[in-house]
Amino acid sequence: MPKKNNQGSGNFEMIAKTYHGLEDVLAKELLQLGAQDIKTLRRAVKFKGDLGFMYKANLSLRTAVRIIKPIKSFKVRNEDQLYEELRNIDWEQYMTIDDKFAVDSFVNSPYFNHSLYVALKTKDAIVDQFRDKCGMRPDVDLDQPNLRINIHITDETCTLSIDSSGKSLHKRGYRLETNEAPISEALAAGLILLSGWDKKSHFVDGMCGSGTFLVEAAMIGANIPANINRAHFAFQDWPDFDQELWDLIRSSQLKRATDCYGKIIGYDLNPETVASANVNIKNSGLEDYIEIHCANFFETTKPEGPTHLVFNPPYGVRIQGDIPEMYKQIGDTLKKNYSGSEAWFLTSHMEGLKHVGLRASRKIEIYQAKLECRFVKYEMYQGTKKMKKNPS
Ligand SMILES: C[S@@+](CC[C@H](N)C(=O)[O-])C[C@H]1O[C@@H](n2cnc3c(N)ncnc32)[C@H](O)[C@@H]1O
């Protein structure tokens, strides 16, 4: 079957999905990368760009978890109408008979009750079209499809999109080893960007687990594209994949890499966790920028020079323990050993936060899937705040 071009030329609309609380960070990343017509949505940002920009966005965005390309939007009130609309799409533009596909469906409509049934109808329309045209049907593969189709029905508006990313973009490719409660790579990068780290101060993660904040900080510090270690993106399976353009985008994005100034330092109590973090850091190729120590954060001190801390301590969800006492010790350590620096941490343990004993200067609501969290900022002034303003 001949392969066809599904993009056309010029700009088209795309939607990058992210976490609740990171929409503005993602919009800023898109602006810096050169996207057009940027509009912030709920857990997503809409924008326009061309084929090369779609490759660049998948490669470089730190806070997106997937990028989808809407291909058709229509009004629909029942399953038969839906089936007809979907059969009228020329699916050969997007896949061949040999490709495997999957359908994700999201339904919020009085006309459709079951998102799974919508996904089944979509699959039927595609399979029936191929069977009618060439007597054979393409297979479904939910785990590793060549084409992932996204169908979204809100009220009576149905939007059909194709997914240019494939596996979630938080799967960067460097983290093969995890501890009990690793944070998503895209969320970690988003929190570092949200914290306003200036890339020059030392970066410290006092409870680094598998090392996610450390690797993401090193990539941000050295301006390395977030997904440079990733083996595959869905758009590479699309009929119009342009290898030359992709090679050009990759090399031009890599040319923008710089040195990482400030030290990037991680501590963790658990020797096995430190060993896995070291494996991940090696996989990322950023070991020259990161140092990691098996140590109790409560016994560490601030490195010489301006220091910025970002970490997620145990919340008591997947890792148990006396959380209020631990958070009190975090506050004491920050006060005594890290004066003159600023610290941010993410937690879902709202009660624990009351025991930190420092006044938070910012609190941002973040969701990790359905888990409500706070990203909290503490500024440890040298002396009191009053003294800083008026030394006399
Ligand atoms: C929620 S996990 C951090 C996850 C990490 N951000 C990642 O992506 O894998 C919390 C970590 O804190 C470590 N930890 C707990 N108490 C500590 C302490 N007093 N000093 C250093 N590490 C500690 C645990 O061993 C665990 O690895």
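Biologist: What is the strand order in the open sheet that holds β9 and β14?
Modeller: The order is β10-β9-β8-β11-β12-β14-β13, 7 strands with mixed pairing. This is a predicted model.

Biologist: What makes β10 and β13 edge strands?
Modeller: Each of the two pairs on one side only. β10 covers 290-294 and β13 covers 362-368.

Biologist: How do you know that β9 and β10 pair?
Modeller: Pairing needs at least two bridges between two strands. β9 and β10 have 5, and they run parallel. The count meets the cut-off, so they pair. One of the contacts to look at is Tyr267, whose bridge partner in β10 is His293.

Biologist: How far are neighbouring strands of this sheet turned against each other on average?
Modeller: By 20°, with direction ignored.

Biologist: What makes α6 a helix that packs on this sheet?
Modeller: α6 touches β8 (202-205), β9, β10 and β11 (307-311). Touching here means C-beta atoms within 7 Å. The direction of α6 makes about 175° with that of β9. On a scale from 0 to 180 degrees between N-to-C directions, that value is close to the upper end, so α6 and β9 run in nearly opposite directions.

Biologist: Which elements each supply at least two residues of the shell around the ligand?
Modeller: α6 (212-221) and β9 (264-268). The shell has 22 residues, and Met207, Gly209, Ser210, Thr212 and Phe297 come nearest.

Biologist: By class, what is the shell around the ligand made of?
Modeller: It has 13 nonpolar, 8 polar and 1 charged residues. Gly counts as polar, so Gly209 belongs to the polar class.

Biologist: Now the other sheet. What is the order of its strands, from β2 to β5?
Modeller: The order is β2-β3-β1-β4-β7-β6-β5, again an open sheet of 7 strands with mixed pairing. β2 and β5 (101-108) are the edge strands, each pairing on one side only. The twist averages 25° from one strand to the next.

Biologist: How do you know that β4 and β7 pair, and in which sense?
Modeller: β4 (residues 66-75) and β7 (residues 157-163) share 7 bridges in the antiparallel sense. At least two are needed, so the pair qualifies. Lys69 has Ile162 as its bridge partner in β7.

Biologist: What joins β2 to β3?
Modeller: 4 bridges join β2 (residues 36-41) to β3 (residues 44-49), and the strands run antiparallel. Thr40 is bridged to Val45 in β3. The hairpin has 2 residues between the strands, and Arg43 takes a positive phi near 55°.

Biologist: Which helix lies across β5 and β6?
Modeller: Helix α4 (residues 115-134), running at about 140° to β5. β6 is 147-154.

Biologist: How is the chain divided into domains?
Modeller: Domain 1 is 12-163, and domain 2 is 185-226 + 258-389. These bounds come from an automatic or database domain assignment. The contact takes 12 residues from each of domain 1 and domain 2. On the side of domain 1 that touches domain 2, 7 are nonpolar, 4 polar and 1 charged. The domain centres are 36 Å apart, taken over C-alpha atoms.

Biologist: How many helices and strands does the chain have?
Modeller: 11 helices and 14 strands.

Biologist: Why is the chain called as compact as a globular protein of that length?
Modeller: The radius of gyration is 24 Å, and the globule rule gives 21 Å for 392 residues. The two values are close, so the chain is as compact as a globular protein of that length. Along the principal axes, the C-alpha atoms fill a box of roughly 80 × 45 × 40 Å.

Key:
Residues are numbered from 1 along each chain as its sequence is written. This is a predicted model: local features need pLDDT of at least 70, side-chain atom pairs count only at pLDDT 80 or more; totals for chains, interfaces and linings use all residues. A residue is near a molecule or strand if its C-beta atom, placed from the backbone, lies within 6 Å of it. Two residues are in contact if their C-beta atoms, placed from the backbone, lie within 7 Å. The radius of gyration is taken over C-alpha atoms; the globule rule is 2.2 Å times the number of residues to the power 0.38.
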